[in-house]
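Open the model in your viewer and keep the sequence panel beside it, so that you can select residues by number as you read.

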Amino acid sequence: MSNKGALIILSGPSGVGKGTIRQALLARGCLPFWYSVSMTTRSIRPGETDGVEYYFVNDAEFDRNIETGNFLEYVEFVGHRYGTPKDKVLEHLNAGVNVILEIDVSGTEKILTSCADLDPITIFLIPPSFQVLEDRIRGRSTEDEATILRRLLKARVEMQVRDRYQHVVVNDNVEQAVEEIEKIIGKELSRRSS
Ligand code: ADP
Ligand code: 5GP
C-alpha cells in the first residue's frame with residue numbers, strides 16, 4: 001500500500017476530446033485529482049488563458065526548461081513543443097494527491113520507459129470512427145488546413161499504439177466516457193490502496 005497519489009495519463013489523438021473529458025471529470029468532482037498544466041511553444045488560441053490550458057512560452061524559455069531538467073517529459077508535436085513540468089507533479093504525488101496528465105502518445109511512451117516507477121494508470125481515448133475525429137478537429141476551428149491535415153496524419157499513427165495503454169475508452173458520448181473513466185480510476189485506486 002502506498003500513501004502516494006496516483007499518476008493518471010489521459011491520451012489519444014488530437015481532437016478526440018481529451019480536454020473536454022478532463023474538464024468534465026474535474027467539474028463532476030467525483031474523483032479528487034490535480035491537473036498538471038503543460039508548457040507549450042504553440043500559439044495561444046482564442047478563449048485560452050496563459051496558465052490555465054497551458055503555460056505559453058517561447059522557444060528560448062522552453063530550451064531553458066529542458067536545460068535545467070524541469071520536464072518530466074517533453075515532445076515535439078506537429079511543429080510545436082509540449083512538456084510536463086516535473087516538480088509540481090512529483091510534489092503532488094508525494095503529498096498523496098492524484099495527478100492527471102493530458103499528453104500525446106510519445107510523451108506517454110517516455111514516461112513508461114524512463115519513469116516506470118511512477119506506475120501510471122494509462123487511458124487511451126478513441127473516437128467512434130476516424131471520420132468523427134476529423135469532424136471534431138475541423139469543428140473546433142482552431143487550426144489552419146495544413147495543420148489539420150498534419151494532425152490527422154499523425155492521428156492515424158497514434159491510433160495504432162492503443163495496445164500500449166491499460167484502458168481504451170471510446171469518446172462517443174461525453175457523459176458516458178466520463179463515467180467509464182471514473183469507474184476505471186476508482187477501481188485502480190481501490191486496488192492500489194488494498
Ligand atoms: P483534444 O483535447 O483531444 O484535442 P478537444 O477536447 O479539444 O480534443 O475536443 C475536440 C472537439 O471535439 C471540441 O470541439 C469538442 O467540443 C468536441 N468533442 C469532444 N468530445 C465530444 C463528444 N463526445 N461528442 C461531440 N463532440 C465532442
Ligand atoms: P494541442 O495543441 O491540441 O493543445 O495539443 C497537441 C497535443 O499535445 C495533444 O495530443 C496534447 O494532449 C498533447 N500535449 C499537451 N501537453 C503535452 C505535454 O506536456 N506533453 C506531451 N507529450 N504532450 C502534450
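The tour below goes from the sheet to ligand 1 and then to ligand 2.

Before selecting anything, note that this is a predicted model, in which local features need pLDDT of at least 70 and side-chain atom pairs count only at pLDDT 80 or more, while totals for chains, interfaces and linings use all residues. Residues are numbered from 1 along each chain as its sequence is written, chains are lettered from A and ligands numbered from 1 in the order in which they are written, and side-chain values use heavy atoms, with hydrogens and water left out.

**The sheet**

Select the strands (DSSP runs of E, at least two residues, numbered from the N terminus, as are helices, runs of H or I of at least four) and look for the open sheet of five, which has the order β2-β7-β1-β8-β9 with parallel pairing. Two strands count as paired if DSSP finds at least two bridges between them. At the edges are β2 (34-35) and β9 (167-170), each pairing on one side only. Now select residues 121-126, strand β8, which runs parallel to β9 and is joined to it by four bridges; here Ile-126 stands opposite Val-170.

**Ligand 1**

Next, select ligand 1 and the 14 residues around it, of which Lys-18, Thr-20, Arg-140, Asn-171 and Asp-172 come nearest; a residue belongs to this shell if one of its heavy atoms lies within 4 Å. For the polar contacts (pairs of N or O atoms within 3.5 Å), show the backbone of Gly-17, where a polar atom is 3.0 Å from an oxygen atom of the ligand, and that of Asp-172, where an N or O atom lies 2.8 Å from a ligand nitrogen. The elements that give two or more residues to this shell are α1 (18-28) and α5 (130-140), and α1 gives the most, with three.

**Ligand 2**

Finally, select ligand 2, which is surrounded by 16 residues, the closest being Ser-38, Arg-42, Tyr-54, Glu-73 and Tyr-82. Show side chains here: a polar atom of Ser-38 lies 2.6 Å from an oxygen atom of ligand 2, and an N or O atom of Tyr-82 is 2.6 Å from a ligand oxygen. Two strands, β5 (71-77) and β6 (80-85), are the elements that give two or more residues to the shell around ligand 2. Add Lys-18 to your selection once more, since this residue, listed among those nearest to ligand 1, also has a polar side-chain atom 3.4 Å from an oxygen atom of ligand 2.

Note on methods
A polar contact is a pair of N or O atoms within 3.5 Å; within protein, one must be able to donate a hydrogen and the other to accept it, and residues adjacent in sequence count only if both atoms are side-chain atoms.
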